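Me: Could you walk me through how to read this structure? I would like the general idea for each feature, then the case at hand.

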Amino acid sequence: MSGWRMALTFSLLVLSFHNPLPAQESRSDGRGVGLDLTINGTGLAIGNIPRVNGIRINFRDTYLEEVNGLNLTLWGPKDGVGGTVRGFALGVAAPVADRLQGISIGGLAVVGNEEISGINIGGLAVVGTGRTQGLSIGGLATVSSGSSTGINLGGLAVVAEGDSRGLNFGGLAAVSNGGSTGVNIGGLAAVAGDGSLTGLQVGGLAVVGDDGIQGISLGGMAVVAGSGSLKGIQAGGLAVVAGEGGMTGLNVGGLAVVAGQGEARGINLGGLAVVGVEGVTGLNLAGLAVVSERRIEGFSLAGYKIEAEEARWFTGAAWKVQVDDFEGVSLAGWNEHDGYSKGLSIGILNRARELNGIQIGLLNYAGNNSRFPWLPLINAHF
């Protein structure tokens, strides 16, 4: 027998009795089924090997405990898979784990039961039933049942059941039930259901903060704060509306600025009306009326009427200033003060039950001028 034939025969005999790579084996031990090609847990595993440092490839994740490296799965898990993936989690359908830390990409979705952190991209959605951190992009939506921090982009919506911090953009809506801080942009609406909005808020139709809004808020139709206050710069195509907390800052409403149960303070511009139930203070301009059930202070102009129980500084209206108790300068076609007037009233008709100042107009009435309460052109009492 030649030398090379003897060597080949000897080699085959050795291989038939000895396996030099004992880690390369197929196993089914109740914990995972697959081909384990790792050495001391490091390397390549094909199938559901629970713990891998390296690359783990399978059809459908199960028995997942920990993967540090790449976890590639073709289909979503049948049941809750659990575990942690650090590094790359790639799924033709959806990578799913308790914790996804790193870069996660799913043809349909990315799902983290407890935590998603890093860069997450889902063809339809990125869903975190716990905490979500980093950059999340969902073709239709990004949804977090817990808190959300970072940049979240959803073709239709960005939704956080808990607090949200960072940049949130939803094609239709950006919604945070626990309050939001940062930049929130919704094609139709930016909404904080049970919390407040702080930062820059833009809604194609509306910006709504049930517990208040602070910062810059722009709503195509309205900016609304339910039970909280509005603070900052607010602009609504139709209206800016605040509840009990009132509003402070620059408030611009295409039709109206309304502080339902509070005060409007600052610069208030309403296409038709500025209304503050408890008060209106600052620079107030309205196409028709500036109205308060209590007081108006500052510089106020209205195309039709100004009405309040009391007012101070300057009021001007094309038709009527109807203020019971007034201090300052009042300019209108008709100045009606059923209480007292301290200062200067200029109009066609000026009427005050008690005058402490000057009236200039076609006809003037001062109830405390006992001898000549009605006088043309000018009336005065000090």
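Me: Is isoleucine 46 buried, partly exposed or exposed?

Reply: Let's begin with the cut-offs: buried means under 20% relative accessible area, exposed over 50%, and partly exposed in between (1.4 Å probe, protein chains only). At 40% relative accessibility, isoleucine 46 counts as partly exposed. Please keep in mind that this is a predicted model, where local features need pLDDT of at least 70, side-chain atom pairs count only at pLDDT 80 or more, and totals for chains, interfaces and linings use all residues. Residues are numbered from 1 along each chain as its sequence is written, and side-chain values use heavy atoms, with hydrogens and water left out.

Me: Where is isoleucine 46 found, and with which residues is it in contact, leaving aside its neighbours within four places in sequence?

Reply: Strands here are DSSP runs of E, at least two residues long, and helices are runs of H or I, at least four residues long; both are numbered from the N terminus. Isoleucine 46 belongs to strand 3 (residues 42-47). Contact means heavy atoms within 4.5 Å. Once neighbours within four places in sequence are set aside, isoleucine 46 touches Gly34, Leu35, Leu37 and Ile57. Glycine 287, by comparison, is 241 residues away in sequence and 73 Å away in space, C-alpha to C-alpha.

Me: How many helices and strands does the protein have?

Reply: The count is one helix and 32 strands. The radius of gyration, taken over C-alpha atoms, can be set against the globule rule, which is 2.2 Å times the number of residues to the power 0.38. For this protein of 382 residues the rule gives 21 Å, but the radius of gyration is 36 Å, well over that, so the protein is more spread out than a compact globule. Along the principal axes, the C-alpha atoms fill a box of roughly 150 × 30 × 25 Å.

Me: What share of the contacts joins residues at least 24 apart in sequence?

Reply: Among contacts between residues at least 6 apart in sequence, 2% join residues at least 24 apart. Isoleucine 137 gives a local example: it sits in strand 10 (residues 131-138). Its C-alpha is 6.0 Å from that of asparagine 152, which is 15 residues away in sequence. Beyond four places in sequence, the contacts of isoleucine 137 include Asn120, Ile121 and Leu153. With 30% relative accessibility, isoleucine 137 is partly exposed.

Me: How much of the protein is buried?

Reply: Buried residues make up 41% of the 382 residues. Serine 330, in strand 31, is one such residue, with a relative accessible area of 0%. Leaving aside neighbours within four places in sequence, serine 330 is in contact with Thr315, Val321, Asn335, His337, Leu344, Ser345 and Ile346.

Me: Is aspartate 194 buried or exposed?

Reply: Aspartate 194 is exposed, because its relative accessible area is 63%. It lies in the loop between strand 17 (189-192) and strand 18 (197-203). Outside the four nearest places in sequence, its contacts are Asn177, Asp210 and Asp211.

Me: Which residues have a positive phi although they are not glycine?

Reply: The general idea comes first: most residues other than glycine have a negative phi. Tyrosine 63 has a positive phi of about 50°, and its place is the loop between strand 4 (51-60) and strand 5 (66-75). Tryptophan 313 also has a positive phi, of about 80°, but is found in strand 31 (residues 305-366). Tyrosine 63 is partly exposed at 41% relative accessible area, while tryptophan 313 is exposed at 59%.

Me: Where is confidence lowest, and where is it highest?

Reply: The predictor's confidence in each residue is its pLDDT, from 0 to 100. Here the mean is lowest in helix 1 (residues 3-17), at 31, and highest in strand 29 (residues 289-291), at 96. Over residues 1-30 the pLDDT is below 50, and beyond near neighbours in sequence this stretch has 20 contacts in the model. Where pLDDT is low, the predicted coordinates should not be read in detail. For the protein as a whole, the average pLDDT is 87, and 92% of the residues score at least 70.
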